[in-house]
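Please work through the following exercises with the sequence and the structure in view. Each task is followed by a solution in steps.

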Amino acid sequence: MAKTSNANTSAILAHLRLPVQKLAPAIKFFEALGGTQDVDRDGFAVVELADRTRVQLSETADAELTGNYLQFDFKVEDFDDAWRDYQDKGLKPSDIVRNRPGHDFFILTGPDNCEVRINSNFNRI
């Protein structure tokens, strides 16, 4: 028999932590995606995204991303408008990949060259 989840104990994503070599450009990147900086301490900042997910950014000299690292995938409501907006903000989005069925997507280069994928809503046809 399947156990139903308890809303009081079900996990939801609270934050992601990303070590970066330079804090200021990382904050600016996530603000360009629509985030708002919430915390700013010595070498540490938190940016809250529109869905209230928080990205913790910690500055460290050895933040080089090698091997396995977290891939960021975001979804936006107005996909083509987001591509133009990010282009206007100098984020240099990649060409759009159209998937039917699936998510259309484009790639941004995030802090310390991490890949940030921006997805459309799911396209059924």
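The exercises below concern a predicted model and proceed from the whole chain to its sheets, a helix and the core.

**Exercise 1. The chain as a whole**

Task: Determine how many helices and strands the protein chain has, and in what order the elements run.

Solution.
1. The secondary structure amounts to two helices and seven strands.
2. Read from the N terminus, the order of the elements is β-α-β-β-β-β-α-β-β.
3. Of the 125 residues in the chain, 34% are buried.
4. Among contacts with a separation of 6 or more, 49% are between residues 24 or more positions apart.
5. The chain exposes about 8500 Å², and 47% of this area is supplied by carbon and sulfur atoms.

**Exercise 2. The sheet of four strands**

Task: State the order of the strands in the open sheet of four, and identify the strands that stand at its edges.

Solution.
1. The order is β1-β4-β3-β2, and the pairing is mixed.
2. The edges are formed by β1 and by β2 (36–41); each has a single partner strand, so one side of each has no neighbour in the sheet.
3. From one strand to the next, the twist averages 20°.
4. Within the sheet, β3 and β4 are antiparallel and are joined over five bridges. In this pair, alanine 45 stands opposite leucine 57 in β4.
5. Helix α1 packs on the sheet and touches β1, β2, β3 and β4. The direction of α1 makes about 165° with that of β4.

**Exercise 3. A glutamine in a strand**

Task: Decide whether glutamine 56 is buried or exposed, and list what it contacts.

Solution.
1. Glutamine 56 belongs to strand β4, which spans residues 54–59.
2. The relative accessible area of glutamine 56 is 15%. Buried means under 20%. Glutamine 56 is therefore buried.
3. Apart from neighbours within four places in sequence, the contacts of glutamine 56 are His15, Leu16, Arg17, Leu18, Phe44, Ala45 and Val46.

**Exercise 4. The sheet of three strands**

Task: Give the strand order of the open sheet of three, and describe how its strands pair.

Solution.
1. The order is β5-β7-β6, with mixed pairing.
2. The edge strands, each paired on one side only, are β5 (72–75) and β6 (102–109).
3. The average twist from one strand to the next is 30°.
4. Strand β5 runs parallel to β7 (residues 115–123), and four bridges join the two. Lysine 75 stands opposite asparagine 119 in β7.
5. Strands β6 and β7 pair in the antiparallel sense over seven bridges.
6. Valine 116 in β7 is the bridge partner of phenylalanine 72 and also of leucine 108.
7. The hairpin of β6 and β7 has five residues between the strands, and aspartate 112 there has a positive phi near 55°.

**Exercise 5. The second helix**

Task: Establish where the buried residues of α2 lie around its axis, and what covers them.

Solution.
1. Helix α2 (residues 79–88) lies across β6 and β7, at about 10° to β6.
2. Its buried residues are Phe79, Ala82 and Tyr86.
3. Seen down the axis of α2, these buried residues fall within an arc of 55°, so they line one face of the helix.
4. The cover over the buried residues of α2 includes α1 (23–32), β6 and β7.
5. After α2 comes glycine 90, with a positive phi near 80°.

**Exercise 6. The nonpolar core**

Task: State how many residues the largest nonpolar core has, and which elements supply it.

Solution.
1. In soluble globular proteins, nonpolar side chains tend to be buried together.
2. The largest nonpolar core here has 26 residues. Those with the most contacts inside it are Phe30, Leu33, Leu57, Tyr86, Leu108, Val116 and Ile118.
3. At least two residues of this core come from each of β1 (15–20), α1, β3 (44–48), β4, β5, α2, β6 and β7.
4. The largest share, six residues, is supplied by α1.
5. Take isoleucine 118 as an example: leaving aside neighbours within four places in sequence, isoleucine 118 is in contact with Leu33, Phe74, Val76, Phe79, Tyr86, Asp104, Phe105, Phe106 and Leu108.

Note on methods. Residues numbered from 1 in each chain as written. Predicted model: local features only at pLDDT ≥ 70, side-chain atom pairs only at ≥ 80, totals over all residues. Heavy atoms only, no water. Buried < 20%, exposed > 50% of the residue type's maximum accessible area, 1.4 Å probe, protein only. Contact = heavy atoms within 4.5 Å. Pairing = 2+ DSSP bridges. Axes fitted to C-alpha atoms, helices over the stretch in contact; angles between N-to-C directions. Arc of directions from axis to C-beta. Core = buried A, V, L, I, M, F, W, Y, C linked by side-chain atoms within 4.5 Å. Areas by Shrake-Rupley, 256 points an atom, 1.4 Å probe, with all protein chains shown as cover.
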